[in-house]
Amino acid sequence: MALVEIKNLRKTFGKLEVIKDVSLTVEQGDIVAIIGRSGSGKSTLLRCINGLEDIQGGSITVGGRDVSAKMAGLKEYRQRVGIVFQQFNLFPHMNVLKNVTLAPILTGKIKKPQARKLAEDSLTTVGLLDKIEAWPEQLSGGQQQRVAIARCLAMKPELMLFDEVTSALDPELVGEVLKVMEDMARQGMTMILVTHEMNFARNVANKVVFMHHGRIWEQGHPDQMLGDPQTPELQAFISSSRT
Amino acid sequence: MLNFRPLWRYEDAFIEGILTTLELALIAGLAGLALGLVCALVLGRGNRAANLLIRSYIEIIRNTPPVLQIFIIFFVLPRIGLRFPPFEAAAVALTLYFGAFVTEIIRSGLDSIPKAQVEAGHCLGLAGWQVFAHVVLMPAMRNIYPSLTSQFILLLLGTSIASFISAEELFHTAAVVDSRTFRSFEVYALISGIYVLMVIAFRLLFFAIGRLAFRWPVAR
Ligand SMILES: Nc1ncnc2c1ncn2[C@@H]1O[C@H](COP(=O)(O)OP(=O)(O)OP(=O)(O)O)[C@@H](O)[C@H]1O
Ligand SMILES: [Mg+2]
């Protein structure tokens, strides 16, 4: 069975229909890249998957369970699904170690004595073991974003959601974050990511989804989607993002 | 000629007055802090009736003289069967007074924390109270620490209005000693000095606590 099953999803903000009849299947181990113009509903789709927005129609099933913002057990569900945003949102008053171990400790995933080991493992994955005692404020944007990823990894999620995680970074810091995500992909993590990095989508994703006006306009294998787009909208999007 | 000597026999009374003043300030300070925290949290939940109640309380306190508030509690409430001795009446009045201002301060502190921080906490699977206690509280406290401590200093000085209902704090003691010794200048100079020293002591204490509690670097 697919890990994520979205069927006929509808989401509105008041009168504005932001997601219109979206259906999407994500298998275990899939790397799905969502692309599309600003305002096409990419972030909203991710937020729905994480139960951050209530939905007006259709269904989202993750690991066989229906997901909604009002579901019982939303907390436990979120402990199994990591999400990283454009803004890193590290907790400024905790050092890196505490940022990474806060949730595993508070949710009872591990005991305090094992917390440091867990943090070391997660930070090693993102290449920041040496920053374990640093304050967020002392880190570069790229480093902060990698800590944010490590913070999710420490929860041992089954699914990771990334929303334009490199968009707020200086160009020279983008690579280090993408590399971490590539490593995670190679380890078999299931990931859904919204990105403007076409090369990353082409090289790492096994599925690309093009959203347009709240719909999935086109989806398929990255080579086909980016190399031989079918719809004029995707063609226009790709040629505009190449510049 | 200045002559402080006649005041010496009243040393014990002054010490008693200082202690009562400190006691009043600390009791009203802590109780008001708790009251303000609860009110601020309830305000955040957006229940209409509760909000109206708390808003009215705040507006009444902020728009009437503190002396009037203390009078109402001491002289008017007994009419409906609520009788307090002077110290207790003063403590209640000052708690209500401090709590109203603290509510506003804490509310602004909670509002100063970006929604994204709260969301990040929820996304990690934390419960609502855990997000509040671990994610929101400390940064919010840091943001409001200067106004909160200044408000406490105002409370400390404001305990002097308890003398209006003869609670035996420092200012009341001074008035009594003045009426016995007729050394007004010396008496009030002395307690001015004492108030200043108390304020300085608290400011130093708050500075030290702030240094210890808020160590993380912040963006400038
Ligand atoms: N909380 C909200 N209230 C009202 N409208 C919203 C809200 N969040 C998003 N929208 C609207 O929904 C639409 C889709 O927004 P969304 O953030 O999902 O787009 P996006 O594809 O992620 O765009 P971008 O590439 O700029 O991040 C936009 O028109 C946006 O204005
Ligand atoms: Mg977006």
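The following exchange concerns a predicted model and asks why some of its features carry the descriptions they do.

Reader: Why are α3(B) and α4(B) called oblique to each other?

Author: The axes of helix α3 (residues 66-76) and helix α4 (residues 86-111) of chain B cross at roughly 135°. Angles over 145 count as roughly antiparallel, and 65 to 115 as roughly perpendicular. The value of roughly 135° falls in neither range, and α3(B) and α4(B) are therefore oblique. Their crossing is right-handed.

Reader: Which residues make the contact of α3(B) with α4(B)?

Author: From α3(B) come B:P66, B:Q69, B:I70, B:I73 and B:F74. Those of α4(B) include B:P86, B:A89, B:L96 and B:Y97. By class, the contact holds 11 nonpolar residues, one polar and no charged.

Reader: What makes a residue part of the shell around ligand 1?

Author: Its C-beta atom, placed from the backbone, lies within 6 Å of the ligand. A:F13, A:L16, A:V18 and A:K42 are among the residues that qualify. The elements giving two or more residues are β2 (16-26) and α1 (42-49) of chain A, and α1(A) has the largest share, three residues. The shell divides into three nonpolar, seven polar and one charged.

Reader: How do you know that chain B touches chain A, and where on chain B?

Author: Contact requires C-beta atoms within 7 Å, and 19 residues of chain B are in contact with 20 residues of chain A. On chain B, α5 (115-123) and α6 (128-158) each give two or more residues to this side, with α5(B) giving the most, six. The side consists of 13 nonpolar, five polar and one charged residues.

How values were computed
Residues are numbered from 1 along each chain as its sequence is written. Chains are lettered from A and ligands numbered from 1 in the order in which they are written. This is a predicted model: local features need pLDDT of at least 70, side-chain atom pairs count only at pLDDT 80 or more; totals for chains, interfaces and linings use all residues. Two residues are in contact if their C-beta atoms, placed from the backbone, lie within 7 Å. Helices (H or I, at least four residues) and strands (E, at least two) are DSSP runs, numbered from the N terminus. Ala, Val, Leu, Ile, Met, Phe, Trp, Tyr, Cys and Pro count as nonpolar, Asp, Glu, Lys and Arg as charged, and the others, Gly among them, as polar. Axes are lines fitted to C-alpha atoms, for helices over the stretch in contact, and angles run from 0 to 180 degrees between N-to-C directions. Angles under 35 degrees count as roughly parallel, over 145 as roughly antiparallel, 65 to 115 as roughly perpendicular and the rest as oblique. A crossing is left-handed if the near helix is turned anticlockwise from the far one by less than a right angle, and right-handed if clockwise.
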